[in-house]
Amino acid sequence: MPDIAIFAPSPTLTVTIEDHGLDGDGGDPEIHVHAGGQGVWQARMLRRLGVSATLCCALTGELGRVVRRLLEDEGFRVVGVEREGRGAAYVHDRRDGERTAVAETQGQPLGRHDLDELYGAMLREGIDAGLAILSGPDGDGVLPADTYRRLAADLRTNDVRVVADLAGDRMIAALEGGIDVLKVSDEELVADGLLAEDADTAAVVGAIEELRRRGARDVIVTRGGGAFVVRAGDTILDVTPPQLEIADHRGAGDSLTAGVCAGLATGQSLREAVVTGAAAGALNVTRHGLGTGDMETIERLRRSVKVREHGADPDDSHGRISPDGLAALADTGDHRTDEREGDA
């Protein structure tokens with residue numbers, strides 16, 4: 001089974017209050033406790049796709065000890081730097097169908113020694129895996145953005161493929177180090193001043209070229225759950241995922257990233273891997289558990305993913321994957337769905 005190393009510097013303890021009563025009176029609320037955060041949601045979807053994940057993270061205080069136990073109970077390998085202090089956590093109330101924040105904390109910044117240990121652990125695990133995902137923390141002040149530049153550069157120097165799912169200063173820093181695949185949303189590019197609001201596809205293509213000039217080899221720009229744009233080598237692709245009813249849009253982008261990385265880890269080309277990612281992201285929005293789904297449904301949703309070269313006839317599109325690529329993903333391990341599904 002292939003393994004992917006994920007830089008998840010500050011995983012979050014999530015507590016969600018829900019009410020799924022069917023008799024109309026609400027009844028007792030359901031309280032769900034899970035480990036969360038961008039890297040965790042990516043790891044969760046990777047596991048659903050038969051790819052193992054090693055999470056490199058800082059585990060802070062009593063919240064960090066709980067997060068470690070939850071992650072290990074899900075079957076993840078955790079390489080953690082344990083430290084005292086205040087960890088990241090949130091409590092959300094969804095009993096009225098909307099997500100209301102009751103309490104949130106981003107945790108404390110990493111000190112120099114802890115950051116050095118975490119950096120070394122990620123470098124070691126990335127070299128062993130050969131494919132690394134750089135994901136961000138919940139809080140802006142957890143670690144310096146330049147950490148991502150150094151990590152991207154050092155990993156690639158050691159022949160590790162680097163996939164970055166970042167925005168803002170962390171994305172800019174990682175670009176300086178060099179990225180094999182960058183995934184970013186058009187909203188994030190607007191916030192970073194790299195794209196105008198309501199930009200058309202031609203403008204998105206222009207932004208992709210600027211990102212390549214800054215250090216990304218291939219780029220994926222998502223566009224609010226609809227068709228997104230991929231630069232794979234010398235080819236611009238328009239990718240349209242299946243449009244499904246949305247239960248919770250959060251986590252769709254992380255599931256897409258995980259699906260792409262699962263495909264790459266099992267030998268798919270980027271063009272094939274984005275089909276896997278599009279299907280995984282589409283399935284995730286139908287669920288309340290972020291980074292969740294099942295391999296069998298994702299395989300079927302691939303058939304509805306449309307991929308065409310930019311500027312080509314819209315009818316000349318498909319979501320087919322080569323037999324070798326599909327077989328590689330199907331043979332990565334036991335795809336039985338785990339009953340433990342992360343909420344957020």
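This passage walks through the overall make-up of the protein, two helix pairs and a handful of individual residues. The model is a predicted one, and the values below are computed from it.

Taken as a whole, the protein has eleven helices alongside 14 strands. Of its 344 residues, 53% are buried. Roughly speaking, the surface comes to about 14700 Å², with carbon and sulfur atoms supplying 45% of that exposed area. As for how the chain folds back on itself, take the contacts between residues at least 6 apart in sequence: 68% of them join residues at least 24 apart.

Two helix pairs are worth a look in turn. Two packed helices are described by the angle between their axes and the distance between the axes. Start with helix H1, residues 38-48, and helix H8, residues 252-265: their axes come within 8 Å and cross at roughly 50°. An angle of that sort lies outside the ranges for parallel, antiparallel and perpendicular pairs, so H1 and H8 are oblique to each other. The handedness of this crossing is right-handed. On the H1 side, the contact is made by Gln-38, Trp-41, Gln-42, Met-45 and Leu-46. Facing them from H8 are Asp-254, Ser-255, Thr-257, Ala-258, Cys-261 and Ala-262. Sorted by class, the residues of this H1 and H8 contact come out as six nonpolar, four polar and one charged.

The second pair is H4 (146-157) with helix H5 (residues 168-177). Here the axes come within 7 Å and cross at roughly 30°. That angle falls under the 35 degrees cut-off, so H4 counts as roughly parallel to H5. The crossing of H4 and H5 is right-handed. H4 brings Asp-146, Tyr-148, Arg-149, Ala-152, Ala-153 and Arg-156 to the contact, while H5 supplies Arg-170, Ala-173, Ala-174, Glu-176 and Gly-177. By class, the contact of H4 with H5 holds five nonpolar, one polar and five charged residues.

Next come three aspartates in loops. Asp-159 sits in the loop that links helix H4 to strand E9 (161-165). Its phi is near 65°, a positive value in a residue other than glycine. With a relative accessible area of 70%, over the 50% cut-off, Asp-159 is exposed. Asp-198 has a positive phi too, near 60°, and again the residue is not a glycine. Its loop runs between helix H6 (186-191) and helix H7 (201-214), and at 79% relative accessibility Asp-198 counts as exposed. Asp-28, meanwhile, lies in the loop between strand E2 (12-18) and strand E3 (30-36). This residue is also exposed, at 72% relative accessibility. Ten residues along the chain from Asp-28 is Glu-18, and the C-alpha atoms of the two are separated by 9.2 Å.

The remaining residues sit in helices or a strand. Arg-68 belongs to helix H2, residues 61-73. Although it is an arginine, and so in the charged class, Arg-68 is buried, with a relative accessible area of 18%; the cut-off for buried is under 20%. Setting aside residues up to four places away in sequence, Arg-68 touches Leu-59, Val-78, Gly-80 and Glu-82.

Another arginine, Arg-212, is found in helix H7. What is its exposure class? Arg-212 is partly exposed, at a relative accessible area of 25%. Beyond residues up to four places away in sequence, the contacts of Arg-212 are with Arg-217, Asp-218, Val-219, Arg-231 and Gly-233. Asp-180 is 32 residues from Arg-212 in sequence, and the C-alpha atoms of the two are 9.9 Å apart in space.

Finally, Ala-88 is placed in strand E6, residues 88-93, and at 5% relative accessibility counts as buried. Pro-11 is 77 residues from Ala-88 in sequence, yet the C-alpha to C-alpha separation is 6.9 Å. Pro-11 is also one of the residues in contact with Ala-88 once neighbours within four places in sequence are left aside. The others in that list are Ser-10, Thr-12, Leu-13, Leu-63, Thr-105, Gln-106 and Gly-107.

How values were computed: Residues numbered from 1 in each chain as written. Predicted model: local features only at pLDDT ≥ 70, side-chain atom pairs only at ≥ 80, totals over all residues. Heavy atoms only, no water. Helix = DSSP H or I, 4+ residues; strand = E, 2+ residues; numbered from the N terminus. Buried < 20%, exposed > 50% of the residue type's maximum accessible area, 1.4 Å probe, protein only. Contact = heavy atoms within 4.5 Å. Areas by Shrake-Rupley, 256 points an atom, 1.4 Å probe, with all protein chains shown as cover. Axes fitted to C-alpha atoms, helices over the stretch in contact; angles between N-to-C directions. Parallel < 35°, antiparallel > 145°, perpendicular 65-115°, else oblique. Left-handed = near helix turned anticlockwise from the far one by under 90°.
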